[in-house]
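I opened this two-chain model to keep a short notebook on it. The entries below follow the order in which I looked things up.

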Amino acid sequence: MERRDFFKKAAVVAGAAAVGSNTAEAGITRQPIDNRKVSPVAFPEKRPLIMYSDRPPLLETPRDVFTSVLTPNDQFFVRWHMPDIPTHIDPDTFTISVNGLVEKELKISLNDLKTKFEQVEVTAVLQCGGNSRSAFQPIAGGIQWGSGAMGCATWKGVRLRDLLDQAGLKKDAEWIGFNGSEKAAYYETPNFIRELHLEELDDHVILAYQMNGEDLPYLNGYPLRLVIPGIYSDSWVKMLSNITVTNEYKHLFFMDVAYRVPDNECECETHEKKAPKTKPITKMNVKSVIGYPTRNSLVNLKSHVVVRGVAFDDGHGIKKVLVSTDAGKTWDEAILDDGKLGRYAYRAFRYPFKPETLGKVTIMTKAINNIGEEQPLAKDIKWNHGGYKYNGIDEVTVEVI
Amino acid sequence: MKKLILITALLASPLFAQVKEKVEVPYVPFPVKMGKGFDAVQANCLMCHSFGYIINQGRQSKKFWRGKVDKMIVHFKAPIGEEAAKAVTEYLYEHYGNGKLK
């Protein structure tokens, strides 16, 4: 293939998303878009993924990856906010600073992080708050993700708490600000900074330098990122450069405007009447995604199909995953894996399915967590303007031949 | 003593990065619908983000596109004048609009 053709094809694939349907009734949520092709262009340290933008890079993991607990690093989704991402960081000279309301300011090298602090690991799901946004009608603002703006990895690093203890928090310390290294085109553009209240920080919050036993890929935040199990990924600051302790909350775009849902019980609003008050998206809700079969797969009549997928929530843990192959009339329990990677990890599930009739069959999965929360049907999910927190019962339609 | 030296040497050894040099993020051209106002898009939008970032928002109302332009001005401090803001909005609505004003 000529290089030019190659890019042309890439462009067509990337642009396909724009030709979405605009005919649906107002406020009718449906299944997220599920027919996007993998781009032929591979980004650094990544296999070809579904691609929405090169600057900043926005890459989605294809559905068929979601059959096992750990998502491979080279297939893990990518989401940045600013166009200018450092493309080279020297691990020998890199330091992370801790400053502000601390007794002792710190500048810690990567080597010191790896050798002078207790090393800890947590397996946790990283999911964009806008994952599956393409399910919302009318079309919610933001990238029209399918269901692959998520992944699960074993993160290794040091506890944030241990770093803060070494720096020594002053008495009036209340907020911790985290700076990423990504830069905007204009100096005046606000940096990507997140602030967490001290009360939100438990021992599960770590600064991770490793992902699934390897360095973090650049596009996932090399050399160091924040890991906050159970919480949506907008708070997991990548390419962490600076931690500042303050006593007052600074008003920041990425805290006060972006990544917020209506502050009411249903977290919903209508296109015509937006909710007056909003709140941050924070904790993830219960969700399952089918990894196999995928859309329009062909399966043989009376063959032994094993449906596979993953389920997760914010850390209460998955109790069961139910599967229906008769449009939701009956539900049957899937087999869950042993769950040994902990309550923040995916639970992989599998379900033996023997198709008995020819033609199209829809497989549906519904996860239920340990406090009894379960996934609603897509059509029962109420709209919000940012298209956040979609967690509808997943559906894949296959053809029995 | 020998053992101690060995440990020191290990600690002092450089950390190995998976990628030893600058990574290259590929440039991807997106299919652009040419038309009135595209010049304004090129001059005011594309230095901060790709065309893909725009068109992958889905088809949207005129009010939505104007809101996005305003967000770039107010929150991201893009120096876009009123004339250019109007031209960008018109272009986006014409080519990536959903037929609704609001």
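**Burial and overall form, chain A.** I started with burial: 49% of the 401 residues in chain A are buried. The model is predicted, so I kept the confidence values at hand. I then checked the radius of gyration. Chain A has 22 Å, which agrees with the value near 21 Å for a compact globule of 401 residues. The C-alpha trace of chain A spans about 70 × 55 × 45 Å along its principal axes. I looked up the secondary structure next and found four helices and 24 strands in chain A. For contacts in chain A between residues at least 6 apart in sequence, 70% join residues at least 24 apart.

**Confidence.** Chain A averages a pLDDT of 91, and 93% of its residues score at least 70. Residues 1-25 of chain A are the stretch I marked: the pLDDT there is below 50, yet the stretch has 43 contacts beyond near neighbours in sequence. Chain B averages a pLDDT of 87, with 83% of the residues at 70 or above. Which elements of chain B have the lowest and the highest mean pLDDT? Helix H1 of chain B (residues 2-12) is lowest at 49, and helix H5 of chain B (residues 82-96) is highest at 97. Over residues 6-10 of chain B the pLDDT is below 50, and this stretch has zero contacts beyond near neighbours in sequence. Where pLDDT is low, the predicted coordinates should not be read in detail. For the complex, the predictor gives an ipTM of 0.86 and a pTM of 0.91.

**Where the chains touch.** I counted 44 residues of chain A in contact with 36 residues of chain B. On the chain A side, helix H1 (3-15), strand E1 (50-54), helix H2 (110-115) and strand E11 (214-215) each give two or more residues. H1(A) gives the most, with six residues. I noted that residues 1-25 of chain A have pLDDT below 50. The chain A side divides into 25 nonpolar, 12 polar and seven charged residues.

**Core.** The largest nonpolar core has 123 residues. Ala124(A), Val125(A), Ile206(A), Val227(A) and Tyr346(A) touch the most other members. Which element gives this core its largest share? It is H5(B), with six residues. I followed Tyr346(A) outward. Leaving aside neighbours within four places in sequence, Tyr346(A) is in contact with Val69(A), Val125(A), Cys152(A), Val310(A), Ala311(A) and Phe312(A).

**E1, E2 and E3 of chain A.** A hairpin joins E1(A) to E2(A) through two residues. The two strands run antiparallel and are joined by four bridges. Ile50(A) has Glu60(A) as its bridge partner in E2(A). In the loop between E1 and E2 of chain A I found Pro56(A). The peptide bond from Arg55(A) to Pro56(A) is cis, with omega near -5°. In strand E2 (residues 57-60), Pro57(A) and Leu59(A) point one way and Leu58(A) and Glu60(A) the other, and all are buried. Strand E3 (residues 78-79) of chain A is joined to E2(A) by two bridges, antiparallel. Leu58(A) stands opposite Arg79(A) in E3(A).

**Backbone exceptions.** Most residues other than glycine have a negative phi, and most peptide bonds are trans. I listed the departures. A second cis peptide bond to log joins Tyr222(A) and Pro223(A), with omega about 5°. Pro223(A) lies in the loop between E11 and strand E12 (225-227) of chain A. Ser132(A) has a positive phi of about 70°. Is Ser132(A) buried or exposed? Ser132(A) counts as buried because it has 31 C-beta neighbours inside 10 Å. Thr282(A) also has a positive phi, about 35°. Thr282(A) is partly exposed, with 18 other C-beta atoms within 10 Å.

**Around E16 of chain A.** Thr282(A) sits in the loop between E15 and E16. Asn285(A) has its place in the loop between E15 and E16 too. Asn285(A) counts as buried because it has 20 C-beta neighbours inside 10 Å. Beyond four places in sequence, Asn285(A) touches Asp313(A), Glu373(A), Lys389(A) and Asn391(A). In strand E16 (residues 287-292), five of the six residues are buried. Five bridges join E16(A) to strand E18 (residues 305-312), and the two run antiparallel. My last lookup was Tyr292(A), whose bridge partner in E18(A) is Arg308(A).

Definitions and conventions: Residues are numbered from 1 along each chain as its sequence is written. Chains are lettered from A and ligands numbered from 1 in the order in which they are written. This is a predicted model: local features need pLDDT of at least 70, side-chain atom pairs count only at pLDDT 80 or more; totals for chains, interfaces and linings use all residues. Two residues are in contact if their C-beta atoms, placed from the backbone, lie within 7 Å. Ala, Val, Leu, Ile, Met, Phe, Trp, Tyr, Cys and Pro count as nonpolar, Asp, Glu, Lys and Arg as charged, and the others, Gly among them, as polar. pLDDT is the predictor's confidence in each residue, from 0 to 100. A residue is buried if 20 or more other C-beta atoms lie within 10 Å of its own, exposed if 12 or fewer, and partly exposed in between; C-beta atoms are placed from the backbone. Two strands pair if DSSP finds at least two bridges between them. A nonpolar core is a set of buried Ala, Val, Leu, Ile, Met, Phe, Trp, Tyr and Cys residues joined through C-beta atoms within 7 Å. The radius of gyration is taken over C-alpha atoms; the globule rule is 2.2 Å times the number of residues to the power 0.38.
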